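Notebook open, coffee ready. I want to look at the hollows in this one and then at what fills its inside.

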Amino acid sequence: MKRYILYSMFLGLIWCFVHGTVNFNNFLIGALLGPIVIRPFRSLYGFENKISYQKVIRKIPKLMRYFYVLFIEIIKANIMVAKIILQPKMDIKPGIIAVPIRTKTNTGITAIANTITLTPGTLTIDVSDNKEVLYVHAIDASDPQGLCDSIRDDLEEYVLEAFE
Amino acid sequence: MIEIGLIQDIISTFLLVVGAFFVFLGMVGLIRLPDVYNRLHATTKIGTLGAFGVMLSIVAKVGLEPIGVKAITVGLFILLTAPVAAHMIGRAAHRHGVGLCKESVIDEYGKEYNK
């Protein structure tokens, strides 16, 4: 029950933003509609996990650093893909490579998969069944080992810190 | 004497031009790149920044009016959903046997799920 109230308040806030005006009436409507949304998708909200507020608050600086890194990487990714597209002669060496990951939780895997897709030259295709390997399509796959290393050292560190 | 409105207009127009330019590049990439996976690179990354630029331009124009808040929300949702959509399209394409283009050098996914 406590969990329902917490998530409803969060959804109420999102409702305010979708509506455009942030005030108490909108927040109340959103929060009342929240349980109707949460109930059918209960299994996705992780009701069995415990959450501790201290842990969440301690993560905030790390999350901010993660979003900062993500923002920089998105800009770099766009410039890189723009360069490839505008080249008069297309010389690319694409390929799908397997990248081992250290994250174990579902949230962490989702975060790292989305981060890989938004960063330069890489696109997540699938997760292996045992959740240990991500299949990543790279626009320049001439050096698979180097790409694995760069994902592990540059991106996964931040994701591990922020989401685990 | 420069007014605030003028500066707002300049920033807004600049962001709009940048956003529209990136959307245009995404479309050029969609035509020029060889296969479905490379095309997804163009549409997700470039589409994200392009749409986000247009949304930011709306915010710069109107400030925190209802329409501006909505624009921020839409931008954040695009940022969240574009990678998921790309991942599902790529995965479905590969499982249906859409091959990689002939320039491709390696395919470790195909080895794993060869049917």
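**Sorting rule.** Before counting lining residues I need classes: Ala, Val, Leu, Ile, Met, Phe, Trp, Tyr, Cys and Pro go down as nonpolar, Asp, Glu, Lys and Arg as charged, and the others, Gly among them, as polar. Also noted: this is a predicted model.

**Entry 1, a pocket.** I looked up the second largest pocket and sorted its lining by that rule: six nonpolar, seven polar and one charged residues. Its volume is about 230 Å³. Which residues lie nearest its centre? Out of 14 lining residues, those are Ile109(A), Thr110(A), Ala113(A), Val127(A) and His87(B). Two or more lining residues come from each of α4 (106–118) and β2 (122–127) in chain A, and from α3 (66–95) in chain B. The biggest giver is α4(A), with six residues.

**Entry 2, a cavity.** How many cavities of 30 Å³ or more are there? I get one. The largest cavity comes to about 40 Å³. I wrote down its lining: Tyr66(A), Val69(A), Leu70(A), Glu73(A), Thr115(A), Thr119(A), Leu155(A) and Tyr158(A). Sorted by class, that makes five nonpolar, two polar and one charged residues. In chain A, α3 (53–86) and α5 (144–163) each supply at least two of them. The largest share, four residues, is from α3(A).

**Entry 3, the core.** Next I went after nonpolar side chains. In soluble globular proteins, these tend to be buried together. The largest nonpolar core here has 33 residues, and the ones with the most contacts inside it are Val99(A), Ile116(A), Leu134(A), Phe22(B) and Ile46(B). Chain A gives two or more residues from each of α3, β1 (95–100), α4, β3 (133–138) and α5, while chain B does so from α1 (4–32) and α2 (36–62). Once again I find α3(A) with the largest share, this time seven residues of the core.

I then picked Ile46(B) and asked what it touches, skipping neighbours within four places in sequence. From chain A, I listed Asn78(A), Val81(A), Ala82(A) and Ile85(A). From chain B, the list has Phe22(B), Val23(B), Leu25(B), Gly26(B) and His41(B). There is also a second, separate core of six residues, including Ile125(A), Tyr37(B), Ala86(B) and Ala93(B).

**Entry 4, domains.** Last check, chain A: the domain assignment gives domain 1 (2–45) and domain 2 (57–163). Taken over C-alpha atoms, their centres are 31 Å apart.

Key
Residues are numbered from 1 along each chain as its sequence is written. Chains are lettered from A and ligands numbered from 1 in the order in which they are written. This is a predicted model: local features need pLDDT of at least 70, side-chain atom pairs count only at pLDDT 80 or more; totals for chains, interfaces and linings use all residues. Side-chain values use heavy atoms; hydrogens and water are left out. On a 1 Å grid over the protein atoms alone, a cavity is a set of points where a 1.4 Å probe fits but cannot get out, and a pocket is an open set with protein on both sides within 12 Å along at least five of seven lines; lining residues have an atom within 4 Å of a point. Grid points are joined across faces, edges and corners, and a volume is the space filled by probe spheres set on the points. Domain bounds come from an automatic or database domain assignment. A nonpolar core is a set of buried Ala, Val, Leu, Ile, Met, Phe, Trp, Tyr and Cys residues joined through side-chain atoms within 4.5 Å. Buried means under 20% relative accessible area, exposed over 50%, partly exposed in between (1.4 Å probe, protein chains only). Contact means heavy atoms within 4.5 Å.
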